Amino acid sequence: MNSTRHKGLALTILALSQLILALDYTIIFVALPSLAADLGFSANQLQWVISAFSLAFGGFLLIGGRLSDLLGRRRMFIIAMGIFGLGSLLGGIADSQLFLIIARGLQGLGGALLSPATLSLIMSNFEEGPERNRALGTWAAMGGVGMSVGLLLGGVLTSFIGWEATFFVNVPIAVFVIILAPITLLESKAASSKRHFDIAGAISVTTGMILLVNYLIQAPVVGWLHPTAIIPGIIGAILLLLFVVIENRTKDPLIPFRLFRILSLTGAAITAALFSASFGTLYYFLTLYTQEVLHYSAIQSGLSFLPLTISAFVGAKLINKMLATVGAAGTIASGMGLGAIGFMLLTQLSEHGSAWGIIPGTVIIGIGQAFIFTTMFIAASSGIDMKEQGVASAIVSTGQQIGGAVGLAVIMAIISATLGSNATLETMEPSDLTGSIRMAFIIDAVIALLGILVSFIAFKQKNAAVMQAKSLRE
């Protein structure tokens, strides 16, 4: 474990890595109109500024987890942060559409390698129990801060400097982290005399995931059965089936499928998907409400998320007490329940409302978000051998990524079916848009309630799950 004098600084740089990933998720939304005007993006082309990041991030997560286990978590953390920083620098100096899209893809690749390495380093640098739980709580809280502050910071930077600054802001943070990582972080990797990368498995799962995520992004826009969406989607599904065959035959698989027999890990991946499908879509719909219905500026819209950020900090402080009192199942179920309550409160929003109407629901959701996000990674790491922590973290993060894409696609499909129209939310009249947003929050509440059921099935006997994991390794 890391020395005591370095743990505070180690947590700082690990939390900063989560901050810039979350920041990058929302900061770009505010900059899109200005960016489109400068580089000549059409409405259809502009989606690739978002999609390029999502495709790379979702596609390379699993190989990122495996590489961090084999090559060393600290080494991959530094490499990944370098790639992310490079992508941010190139995005800031981009003078063409293709250049910017490539830069966003590099950011996504860096994020895919960074996320599992960061989580594995928390596991290896902090003792299991209250110390690790506090570290995960801080790390998770920084994610919530990044998403909220991203909207505010994006508005400030774009308004006073330019959209380029939304990319450049990541560069000094990346440099700072890269310099301090070798000093403060303890290296860890799987003890093995050979480094087998399962190339066939890596290619099939990465390509398959990219094509699947592409389908989930494109289908709501062009149609679920449109050839440009469904043909790559089918190819992606075939490649993922091929990946399963490859993994069952190779001696050193990219993802040992026996890990899925650990109920706590499988439950954490499902929880991550449900969490991202409900809580993760909140920012998109609330941003639409504040900017398109209430006509707030980007800065005002960002400020409206601050109560959520503050409540998420409060929730993170309560994690250890909750875990000691009601366990992982009770903590996640409580978070999902709070989320459902918060979403139902948000269904009361009206086209003549104000930011004050947002606060009660988002404060409750913020506390629930902290309970779930932190605990699902704590549960996922329980009973997992240290040499497989990277791939276990990647499995949960992949569930989160896929859940967000599926959740948003399903919500949009339900809204379109209800309205009997393919009109985009951005082009709706305020009254129709408000009604669609309320419907989205009802769906989010239903998904959160489903998460309560999953939590009690997957996490009701944490000790049993740990014993099960130990028996699988023996």
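Biologist: How many cavities of 30 Å³ or more does the structure hold?

Modeller: Rolling a probe the size of a water molecule over the atoms shows where empty space is left. In this predicted model, two cavities of 30 Å³ or more are found. The second largest cavity has a volume of about 30 Å³.

Biologist: Which residues line the second largest cavity?

Modeller: Its lining consists of Met-123, Phe-377, Ala-380, Ser-381, Gln-389, Ala-392 and Ser-393. Helix 15 and helix 16 are the elements that give two or more residues to this lining. By class, the lining has four nonpolar, three polar and no charged residues.

Biologist: How should one read the packing of helix 10 and helix 16, and at what angle do their axes cross?

Modeller: Two packed helices are described by the angle between their axes and the distance between the axes. Here, the axes of helix 10 (residues 263–278) and helix 16 (residues 389–419) cross at roughly 35 degrees and come within 6 Å. The crossing is right-handed.

Biologist: Which residues of helix 10 meet helix 16?

Modeller: Among them are Leu-265, Ala-268, Ala-272 and Ser-276 in helix 10, while the helix 16 side includes Ala-392, Gly-399, Gln-400 and Gly-403. This contact has ten nonpolar, six polar and no charged residues.

Biologist: Is Met-376 in helix 15 buried or exposed?

Modeller: Met-376 counts as buried because its relative accessibility is 0%, and the cut-off for buried is under 20%. Leaving aside residues up to four places away in sequence, Met-376 touches Ala-268, Thr-271, Ala-272, Phe-275, Ile-332 and Gln-400.

Biologist: How far apart are Met-376 and Ser-455 in space?

Modeller: Their C-alpha atoms are 9.4 Å apart, although the two residues are 79 residues apart in sequence.

Note on methods. Residues numbered from 1 in each chain as written. Predicted model: local features only at pLDDT ≥ 70, side-chain atom pairs only at ≥ 80, totals over all residues. Heavy atoms only, no water. Axes fitted to C-alpha atoms, helices over the stretch in contact; angles between N-to-C directions. Helix = DSSP H or I, 4+ residues; strand = E, 2+ residues; numbered from the N terminus. Left-handed = near helix turned anticlockwise from the far one by under 90°. Contact = heavy atoms within 4.5 Å. Nonpolar A, V, L, I, M, F, W, Y, C, P; charged D, E, K, R; others polar. Buried < 20%, exposed > 50% of the residue type's maximum accessible area, 1.4 Å probe, protein only. 1 Å grid on protein atoms, 1.4 Å probe; cavity = no way out; pocket = protein on both sides within 12 Å on 5 of 7 lines; lining within 4 Å. Points joined across faces, edges and corners; volume = space filled by probe spheres on them.
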